[in-house]
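Here are some short exercises to work through with the model open beside you. Try each task on your own before reading its solution.

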Amino acid sequence: MRASFLFDPNKNSRFYLVLFLALAVLGLTAYDALNGHYSIIGSVASFLGLFVAFQSWKAADDASRNSDQAMQQMHRLTSETRQLAQETRQLVERSNAVEEQIQSAVVTISDATRELYKGFQPITQRMAEFLEEAAGSEYLALLTDSAAIGTFYARHHRPELNQREMRALTDRIHDLLLDRARDSREFYLATLAADEAPETLPPTPDQHGRLHHFVQGVWQQFHPDADAIAPEYWEEHRAQHLATLRQLDDAFQTLSEHPEQRAAGLGIHQLVPVLPLQLLLRFDAEAKEPFRALVVFLGQYNLDKVAEARALQTTDPELVRTFISMFESLTSLDDHPGYQQLRRQFPL
């Protein structure tokens with residue numbers, strides 16, 4: 001509340017001074033008429049002087065009180081500032097802890113991911129090494145477009161690849177597949193269907209199945225001006241795919257080391273309705289790194305990346321288990337009673 005003029009020493013000091021002088025002059029002028037009663041006027045003047053002094057003291061007291069309040073506010077503000085600084089320091093410490101956890105997770109992922117591969121030939125080379133290192137595995141599962149792994153890419157890739165080197169590499173992969181079909185306890189190869197009966201799907205102009213559609217997509221990426229793959233190239237690849245399947249089945253039935261899988265009524269070849277990416281999965285409890293996966297990021301949904309294919313290898317158990325679950329779901333193995341029995345008998 002604002003003080004009135006008479007009680008505000010910052011505004012009324014001159015007023016009281018003028019009033020005091022006026023009363024003094026009035027008392028001196030009327031001395032004779034008042035006949036000794038000047039003391040009253042003097043008393044009034046003294047009172048006014050004392051009142052001004054009181055107002056000055058009151059103003060000084062208010063100023064002191066305001067100063068104390070300001071000091072208290074400053075002290076309170078200082079305490080709040082210290083508390084804020086402490087909270088900020090705690091927040092920074094928590095942020096640093098979170099950052100360390102993130103860095104630790106990145107390091108873990110980096111450790112789990114051996115290498116990243118780019119380009120068809122380096123990826124094909126790593127596939128061969130993966131199959132070679134998977135000798136005697138307890139569980140080996142492959143998800144790819146066809147059993148003739150890499151042959152179509154190697155022949156029709158643009159820009160052209162060294163055909164002599166690529167033929168040797170794809171032949172090596174073929175031989176390693178046969179070896180793994182013999183010495184793995186469980187061996188599964190999931191591919192797209194090369195043939196489909198008209199009653200299972202609506203009729204199409206080609207009637208060749210999902211593998212043909214995939215190969216057609218790869219062909220058009222390498223030959224953007226072509227409308228369709230030449231029939232002789234498709235028949236060649238289809239024959240390689242089916243021949244490899246027959247050889248794998250013979251190896252599985254006659255020379256294999258996995259009686260449990262056969263007893264469960266499970267063959268090696270599984271069909272998948274889609275191919276989101278390509279996988280090579282291995283589990284071997286006796287290996288230094290039991291879980292291993294080679295993931296090729298190339299499938300039906302990103303054929304525009306076929307000329308710059310990428311892949312990674314990981315030994316992270318949870319990540320490999322996730323890919324195994326994806327494989328089981330795509331092939332519907334997780335619904336097969338025999339496969340369920342194998343998983344209870346040999347958990348991954």
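**Exercise 1: Around a core residue**

Leaving aside residues up to four places away in sequence, Leu142 touches Leu131, Ile149, Leu177, Phe187, Tyr188, Leu189, Ala190, Leu279, Leu280 and Phe327. Keep in mind as you go that this is a predicted model.

Task: find which residues have the most contacts inside the largest nonpolar core, and which element gives the largest share of this core.

Solution. Step one: the largest nonpolar core has 74 residues, and those with the most contacts inside it are Leu142, Tyr188 and Phe327. Step two: the largest share of this core comes from α6, with seven residues. Step three: go back to the neighbours of Leu142, and you will find both Tyr188 and Phe327 among them. As background, nonpolar side chains in soluble globular proteins tend to be buried together.

**Exercise 2: Two salt bridges within helices**

Task: for the pairs Glu129 and Arg126 and Arg180 and Asp183, work out where each partner sits and whether it is buried or partly exposed.

Solution. Start with the first pair: the side chains of Glu129 and Arg126 form a salt bridge, at 3.1 Å from N to O. Both residues belong to helix α4 (residues 120-133), where they are three residues apart, about one turn of the helix. Next comes accessibility. Arg126 has 6% relative accessibility, so it counts as buried. Glu129 has 30%, so it counts as partly exposed.

Now the second pair: in the salt bridge between Arg180 and Asp183, the closest N and O atoms are 2.7 Å apart. These two residues are separated by about one helical turn because they lie three residues apart in helix α6 (residues 163-183). Arg180, at 6% relative accessibility, counts as buried, while Asp183, at 26%, counts as partly exposed.

**Exercise 3: A salt-bridge network**

Task: say which residues are linked with Glu186 in a network of salt bridges, and whether Glu186 and Arg185 are buried or exposed.

Solution. First, take the direct pair: Glu186 forms a salt bridge with Arg185, with 3.9 Å between the closest N and O atoms. That distance falls within the 4 Å cut-off for a salt bridge. Second, check the surroundings: both Glu186 and Arg185 are buried. Third, widen the view: Glu138, Arg185, Glu186 and Arg343 are linked in a network of salt bridges. For the whole structure, the count is 13 salt bridges.

**Exercise 4: Helix α8 and His241**

Task: describe the span of helix α8 and follow one of its buried residues, His241, to its contacts.

Solution. Begin with the helix: α8 (residues 231-254) has 24 residues and reaches 34 Å from its first C-alpha to its last, close to the 34 Å expected. Its buried residues are Trp234, His237, His241, Thr244, Leu245, Leu248, Ala251 and Phe252. These pack against several elements, including α5 (151-156), α6, β3 (186-191) and α7 (210-222).

Then turn to His241, which counts as buried because its relative accessibility is 1%. Beyond residues up to four places away in sequence, His241 touches Ser146, Ala147, Ala148, Thr191, Leu192, Ala194 and Leu211.

**Exercise 5: Confidence**

Task: find which elements have the lowest and the highest mean pLDDT.

Solution. Take the whole chain to begin with: its mean pLDDT is 79, and 72% of its residues reach 70 or more. Among its elements, helix α2 (residues 31-34) has the lowest mean, 58, and strand β2 (residues 139-143) the highest, 96. Finally, look at residues 197-206: the pLDDT there is below 50, and this stretch has five contacts in the model beyond near neighbours in sequence.

Terms used
Residues are numbered from 1 along each chain as its sequence is written. This is a predicted model: local features need pLDDT of at least 70, side-chain atom pairs count only at pLDDT 80 or more; totals for chains, interfaces and linings use all residues. Side-chain values use heavy atoms; hydrogens and water are left out. Helices (H or I, at least four residues) and strands (E, at least two) are DSSP runs, numbered from the N terminus. Buried means under 20% relative accessible area, exposed over 50%, partly exposed in between (1.4 Å probe, protein chains only). The expected span of a helix is 1.5 Å times one less than its number of residues. Contact means heavy atoms within 4.5 Å. A nonpolar core is a set of buried Ala, Val, Leu, Ile, Met, Phe, Trp, Tyr and Cys residues joined through side-chain atoms within 4.5 Å. pLDDT is the predictor's confidence in each residue, from 0 to 100.
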